[in-house]
Amino acid sequence: MASSDWKNVTPSSPVPPFSVFTKPIHKSEQDDRDYRIIQLENGLQATLIHDAKADKAAASLDVAVGHLYDPDDMPGLAHFCEHLLFMGTEQFPRENEYSEYLAKNNGGSNAYTSTSNTNYYFSVATPALGGALERFSAFFHSPLFAPSCTSRELNAVDSEHKKNHQADMWRIFQLNKHLSKPGHPWSKFGSGNRDSLSKAARELKAKGDLTSGADKTSKSRNGSLAPSPIPSRISSPAPSTSSNSSETEADGGAIGRETRRRLVEWWSKEYCASRMRLCIIGKESLDELSELASTLFSPIPNRGRDALPMIKDHPFGEQEKGTLVSVQTIMGFHALELSFPLEYQPPFWRHKPGNFLSHFVGHEGPGSLHSYLKNKGWVTTLSSGPQNLARGFGMFKVTIHLTQEGFKNHRSVILATFKYLSLLRSSDFKEFYQREMVTVATTRFRFAEKRRPDDYATWVAEHMAWPVPKEYIISAPQLIWNWDEVVEDNGGEAKIREYLEQFRATGGRVVLMARADEHVKINPDAKWEKEPWYGTDFNVQRFDEAFIKEADSANDIPELYLPGPNEFIPTNLEVEKRTVEEPLKRPHLIRETSLSSLWHKKDDRFWVPKAHVIIDMRSPIGNASARASMLTRLYSDIVNDSLTEFAYDADLAGLSYNFIQHTTGLYVAMNGYNDKMPVLVKHVLEKVKGLIVRPDRLAVLKEQARRDWENFYLGQSYSLSDYFGRYLLTEQQWTLEEKLRELPSVTPEEIQEHMKELLSQVNLRILVSGNMYKDEAIKIAEMAEEGLGVSPLSSIELNDKALILPEGSNFTFSAPIPNPNQANSALTYYIHFGPVADQRLRVTSTLLTQILSEPAFNVLRTKEQLGYIVFCSAWSLPGSSEKGLRIVIQSEKTPGYLEQRVEVFLDGMKARIAEMSNEEFESQKHGLEKKWLEADKNLAEEAGRFMVHINSGHWDFLRNENDAHLLKNISKDDILQLFVSQVHPTSPKRSKLSVHMISRKPRAKKVSTAASRAFEALVRQAAVDIDETAWKDTLGELPTLPDFYKHWKEVLNAKDGGENILAALPGLVDKYPVEGEGEDVKRPDVTYIQDMKAFKATLKISIDPGPMIQWGDLPTPRF
């Protein structure tokens, strides 16, 4: 590579040559990793990260094309490519080879398609990095795009779209795209669905330009993007009659083959090596990582495409600006979003002008727009910031969540926002504003802790596309330069002033969101249009001249003014680092009173000037009844609401808190730089104990709680099935309906009294960890105890309790989904294992769950295509003293059918486990051992792990290490015995609960494969001279009855006996229904739950084991 900053490297054969960037990479002082940037001969660039301490490796490959580069006639093609790319390669043709390899090696993977890029990433145990990269890299040079997977992955994309169809975020996102200037690529439908992806092929078919015998193959770089030499698809252990069972059916016929051909054609053009940026994190040396990257990724062809395609034209033209767009939402909320066109921000990486403006517009302290609107009772939250919508253009957005009164006064809210922008235009930006931002960013960068390697690899790979000098690839996105330090990018104050001049009423768009009945109240005569992909109703109006004039006038609201200096910016960042042979593995109990237990660990691993203070406040009052639970929620909301102005500066300076309700009390967590931590702790605790409830704010927060609880029922179907499953297995929990009934009558006085009573009966579990000493921790505990009363219940009695299913039980609870437009049903399928105190059971069941997880996804989602949401995981019951196995599926199929498929899958797993080789079994054990022994990556992970055992009261801090030791003694027979006795559907000892959430959305009947074959037979018997199977190329698999009938009516028109043949169709559809549609038939072996409370009353309450280990930290007996 011709540059003085690059050095050509020619390793020994067979490693292909590459170039190395020679300048040192600018990184944090805290960062002990080594970095290297290389470029392969095909143009692919890679950042390699050597982490000598890593126990988890990762990689991410970012391709500089996303859904804005879809062909106009195939919306969603980039997303479809992301799905199908994983379905086998020439080197590894089995479609789940990659996921199975990762699962056995404590790893996982995912991918996402964005507007201008598509990202693929994985994590894996460090010894397995080479094997993972070998499988991963092949996706980009030798994918099969297996024809057998085409139809199924079209279904997966379609299912993903249906999952999002009732989600307001997706609906409004697509509406904003739809309302672009004509012809702009931003308007594209990025996620796609089956219809959008196959439409082009169907139209070709309709014109007669597509034949059934279309060539099924397309060439790859070495001529083999054809079906793999061995089937990539291994069929389901017991396929349903409706599942695809042959390669020819699965390829989708002529339309499916044409869709695949277009995909391969697009991939062959757009997936170019020079467009790819790779990041690999591993324990190997930089030389080894370089050779791995060059060997495995050099085969990717460079197709001569633009390395970083840009779209510089903004989607807002003059017609799109100066408008108010009203949108009807699914969920009950009120919101405003103001959007202003903005330049693509990465070129201004030094000064980040968009971030500078968001500091003021999104501020929540005194004088802020948020403070003014909140005091008016008009808003609940406000945020702002720049967004890079795509490579080449961006948007500055202000998002405001409104109260009922705020919605009525939305024009005044919009005007106040423009008044604040006018204030900024007329203000001098004092030097300390920019200095503070530089200081905060510098401090955050200097003391940045490691994070999960796949997160970091993805972040690096994405930011490699930024236009920054290579040596700043890590630091440039995170740091801010002083205005007077460098003027090269022209992104300082002059650019900020330029933006402010553009942020006017005629320069942007406002979107007003609420449900239809709310819009009618303020605009009864509105004429509504529909967005084509989601059916979202919207109305567009232009702002009138009087409004524009008022919006552009000088600020006349005296309550608006710029913030003062931030007193929370840390000044003492000293860390006393000392040599330790081995870091402590747990916190120590350093203080115990009748009121609290205090656990402490001085940081001896991460050496950052940060700390975590976590206080779990247990009280028998907090959840004593549905009303008490609701009052506790409102109490926590009011505390948070009252702390907004005080806590905002602390949050900006890297010091944050969280105060939330949980089922047995309240939880306050504070974390950040320890320098000002005592100030934050003192103020938060004073507010928690001395809260004065304002009636006006209570009204706002009651409205917010009502919305949250009602909206929950409009969310994803599987969230509802999990919710009811959890409720049925929790001793003391109140339904949202019970809380909603209590909500209207709550008064400020009642909350004040509830708070007083709750705080008079508490038990505190406290953890102080990080850069704080024992004496500082004790002062915090004393501060926390001050003014509180002792709970009459013991610490163990204040723990959550689970309800235990009886041995040999088979229960099902069914309920309709409240949202009538939700197409997806859901199943939560739970099998009980037993108490976590039984170590052998705990270890064996965890290994069994791991063995089941990947095959469950592969069979139920990938092969049987039951739905987009499918997962199998452990489920720890409330109180963490009991555990089980849970399988979740969200699908258009009925829950009863889903349960049947789960049980067929489990039946098939019996033989798979029995036949599992010793090598595979040891591989599973090794993966789980790696998972349990994986080190915490940062202070937050360590504190979180400690709190799991402090919250549960088990104090079993070394559980993972001890379990990993016992794991060595677990045999395959142990696993098989547990599976047969407690998981297999035929076991008389099994304890099972399933929750069925049933969609109420009407849908047209479909014609099953059996019904269509029976109909084809009638056509043949009638000796009608037509191709009776040609309909498949037009309609695809499982067409709806109306479409099938219409097709055949046109075909049989004027044919002898045609009417009689058609008349038989409805009867055939009823005789041979599509599996999983219609209504579930009740099973005689299942006990159906009619009354949830009555059912819960029959169950046994779990026994809390209490502390599993007495550490003996205190010199005196426990209190």
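**Cysteines, a buried serine and internal cavities**

C81 counts as buried, at 0% relative accessibility. The model in which this residue was examined is predicted. The cysteine sulfur closest to that of C81 belongs to C149 and lies 13 Å away, which is too far for a bond. A disulfide would require the two sulfur atoms to be within 2.5 Å, so the pair formed by C81 and C149 does not qualify. Across the structure, the number of disulfides is zero. C872 is likewise assigned to the buried class, its relative accessible area being 8%; the limit for this class is under 20%.

S371 belongs to helix α11, which covers residues 369-375. With a relative accessible area of 7%, S371 is buried, because the value falls under the 20% limit. The side chain of S371 is joined to the side chain of E645 by a polar contact of 2.4 Å. When residues up to four places away in sequence are left out of the count, S371 touches E364, G365, P366 and E645. E645 therefore appears both as the polar partner of S371 and in its list of contacts, while S371 itself is buried.

Internal space was examined next. Rolling a probe the size of a water molecule over the atoms reveals where empty space remains. Six cavities of 30 Å³ or more are present in the structure. The volume of the largest cavity is about 80 Å³. Its lining consists of R33, D51, A54, K56, I281, K450, R451, P453, Y456 and K937. Divided by class, the lining of the largest cavity comprises six charged and four nonpolar residues, with no polar ones.

The second largest cavity contains about 60 Å³ of space. E100, A103, K104, I851, E854, P855, M909, R912, M916, E920 and Q924 line this second cavity. Two or more of the lining residues come from each of the elements α2 (97-104), α27 (839-863), α28 (895-915) and α29 (918-933). The lining of the second largest cavity divides into five nonpolar, five charged and one polar residue.

In summary, the structure holds zero disulfides, and C81 and C872 are both buried. The buried S371 makes a side-chain polar contact with E645. Of the six cavities of 30 Å³ or more, the largest has a volume of about 80 Å³ and the second largest about 60 Å³.

Key:
Residues numbered from 1 in each chain as written. Predicted model: local features only at pLDDT ≥ 70, side-chain atom pairs only at ≥ 80, totals over all residues. Heavy atoms only, no water. Helix = DSSP H or I, 4+ residues; strand = E, 2+ residues; numbered from the N terminus. Buried < 20%, exposed > 50% of the residue type's maximum accessible area, 1.4 Å probe, protein only. Polar contact = N/O pair within 3.5 Å; in protein donor to acceptor, adjacent residues only side chain to side chain. Contact = heavy atoms within 4.5 Å. 1 Å grid on protein atoms, 1.4 Å probe; cavity = no way out; pocket = protein on both sides within 12 Å on 5 of 7 lines; lining within 4 Å. Points joined across faces, edges and corners; volume = space filled by probe spheres on them. Nonpolar A, V, L, I, M, F, W, Y, C, P; charged D, E, K, R; others polar.
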